[in-house]
2 protein chains.
Amino acid sequence: MKWDALEEEPCSLARTVAVIGDRWSLLILRECFLRIRRFDDFQASLGITRHLLADRLKKLVRFGVLRKIPYQEAPKRYEYILTQKGLDLYPIIMSIVHWGNIHMVDARGRPLLHEHKSCGKMFDPVMVCSECGEPLSAKHVHVHPGPGARRSSPVHASARERTKRAAEQG
Amino acid sequence: MKWDALEEEPCSLARTVAVIGDRWSLLILRECFLRIRRFDDFQASLGITRHLLADRLKKLVRFGVLRKIPYQEAPKRYEYILTQKGLDLYPIIMSIVHWGNIHMVDARGRPLLHEHKSCGKMFDPVMVCSECGEPLSAKHVHVHPGPGARRSSPVHASARERTKRAAEQG
DNA sequence: ACCATAAGTTCTATTTTAGAACTGTCAATA
DNA sequence: TATTGACAGTTCTAAAATAGAACTTATGGT
């Protein structure tokens with residue numbers, strides 16, 4: 001599968017992975033949320049090669065996640081700032097950071113703590129249902145095909161189904 | 001930067017990216033949450049090459065996200081199922097799907113709808129503060145160094161700071 | 001004239017991925 | 001007995017992506 005093919009998949013996860021599913025894009029976005037805006041600052045704090053950084057910034061601009069804003073005329077210089085579409089990535093970033101906090105920290109503890117200015121406390125992010133407000137777990141969610149589902153998708157026989165069928169016939 | 005170096009970074013995001021930050025891992029995990037468990041089923045539904053699939057499954061097992069469970073003795077066959085560590089990735093998956101639902105769908109609409117069995121309604125995931133329950137946005141969060149922060153990190157002068165300093169001196 | 005800042009671009013070497021074919025084990029079938 | 005098919009990989013070569021360093025362009029300061 002080619003990289004570009006992901007954007008066309010009838011799957012919201014695949015399409016998002018087309019935007020952020022590589023080594024560097026998420027790290028660049030982390031820096032954006034930490035108020036980094038300029039080419040050399042991204043490069044210095046990430047250690048990414050300049051080539052890749054230029055490429056990724058271009059991609060994120062193309063997807064409308066970042067916007068180039070001029071801050072100097074001669075020579076023309078730009079800052080990269082998050083659009084609303086980019087700001088909306090915050091729950092993804094936070095859920096990734098939270099999983100790392102729980103499952104990937106070493107003995108020294110968390111690298112960062114997060115304070116919610118609204119209530120003044122250190123917090124963890126919690127994902128809840130928009131309708132009833134209860135915390136979500138995979139077990140309590142059922143998936144339905146939506147209007148954009150793949151047309152006429154005859155449920156492809158799985159290896160397990162084939163095994164079962166063979167066992168029943170034998 | 002090498003792939004393995006990410007795991008060592010004092011950053012929960014970088015360490016999580018070391019696990020899920022490539023083209024395929026998130027798509028494999030999507031299939032896991034949709035109850036796919038076997039090699040050939042992953043291969044058929046994703047179109048991933050068998051080589052890469054074997055490699056990624058090995059990696060996810062090594063990180064403790066998936067576990068191999070034998071389901072047949074002769075010949076020995078295994079299913080790949082999510083561990084608790086893997087199930088905890090659900091908020092990441094859901095926030096990615098939700099962003100795609102909002103920002104990446106075409107005219108036909110969402111490929112999938114999600115029903116919360118607990119309350120019976122179609123829902124969207126919402127990320128809230130664990131302490132006050134209010135929805136989170138980047139604007140209302142302040143970041144502090146935690147116990148695992150990079151030791152003696154003298155805040156690296158950014159390009160902007162250098163520019164400002166030069167301007168003040170000039 | 002010389003150096004520094006800033007944001008890239010270009011180059012080669014290395015690593016990763018795509019795509020297809022091949023291997024090994026066992027069960028059922030002809 | 002020989003053949004076929006299921007299943008989970010491994011091996012191979014060609015193509016693509018990435019790393020790492022040097023180079024370019026435009027400008028301002030000493």
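Which residue of β6(B) is the bridge partner of H116(A)? In β6(B), that partner is V141(B), and the pair is a handy way into a predicted model of two chains, A and B. Because this is a prediction, local features need pLDDT of at least 70 and side-chain atom pairs count only at pLDDT 80 or more, while totals for chains, interfaces and linings use all residues. Residues are numbered from 1 along each chain as its sequence is written, chains are lettered from A and ligands numbered from 1 in the order in which they are written, and side-chain values use heavy atoms, with hydrogens and water left out.

Back to the strands. Helices (H or I, at least four residues) and strands (E, at least two) are DSSP runs, numbered from the N terminus, and two strands pair if DSSP finds at least two bridges between them. Strand β3 of chain A (residues 112-116) pairs with strand β6 of chain B (residues 141-145) in the antiparallel sense, over five bridges. Besides the match of H116(A) with V141(B), L113(A) has H144(B) as its bridge partner in β6(B). These strands belong to an open sheet of three, in the order β4(A)-β3(A)-β6(B), with antiparallel pairing. Its edge strands are β4 (121-122) of chain A and β6 of chain B, and each pairs on one side only. As for side chains, in a regular strand they alternate between the two faces of the sheet.

There is also an open sheet that runs β6(A)-β3(B)-β4(B), again three strands with antiparallel pairing. At its edges stand β6 (141-145) of chain A and β4 (121-122) of chain B, each with a single partner strand, so one side of each is left without a neighbour in the sheet. Here β6(A) and β3(B) run antiparallel and are joined by five bridges, with V141(A) standing opposite H116(B) in β3(B). H116(B) also stands opposite K121(B) in β4(B). Strand β3 of chain B (residues 112-116) and β4(B) pair in the antiparallel sense over two bridges. They form a hairpin with four residues between them, and in the turn G120(B) has a positive phi of about 80 degrees.

How do the chains relate as wholes? Two copies of a chain are related by a rotation about an axis and a shift along it. Here, a turn of 180 degrees and a shift of 0.0 Å along the axis lay chain A on chain B with an RMSD of 0.0 Å (copies are superposed by least squares on the C-alpha atoms of residues with pLDDT of at least 70 in both). That is the relation of a two-fold axis.

Now for the interface itself. Contact, meaning heavy atoms within 4.5 Å, takes in 97 residues from chain A and 96 residues from chain B. Of the interface residues of chain A, 99% are also interface residues in chain B, so the copies meet through the same surface. Between them the chains bury about 8,800 Å², 64% of it on carbon and sulfur atoms; buried area is the accessible area (1.4 Å probe) that two parts lose on being put together, summed over both. In chain A, the residues that lose the most area to chain B are L13(A), W99(A) and R108(A), together 9% of what that side buries.

Polar links cross the interface too. A polar contact is a pair of N or O atoms within 3.5 Å; within protein, one must be able to donate a hydrogen and the other to accept it, and residues adjacent in sequence count only if both atoms are side-chain atoms. Between chain A and chain B, 39 residue pairs are in polar contact (both at pLDDT 80 or more). Helix α7 (residues 90-103) of chain A gives the most to the side of chain A that touches chain B, with twelve residues.

A salt bridge is a side-chain nitrogen of Lys or Arg within 4 Å of a carboxyl oxygen of Asp or Glu. The structure holds 22 salt bridges over all chains, and the count between chain A and chain B is two. In one, D106(B) joins R15(A), with the closest N and O atoms 3.1 Å apart. D106(A) and R15(B) also meet in a salt bridge, at 3.1 Å from N to O. This pair crosses from the loop between α7 and β3 of chain A, which holds D106(A), to helix α2 (residues 12-20) of chain B, which holds R15(B).
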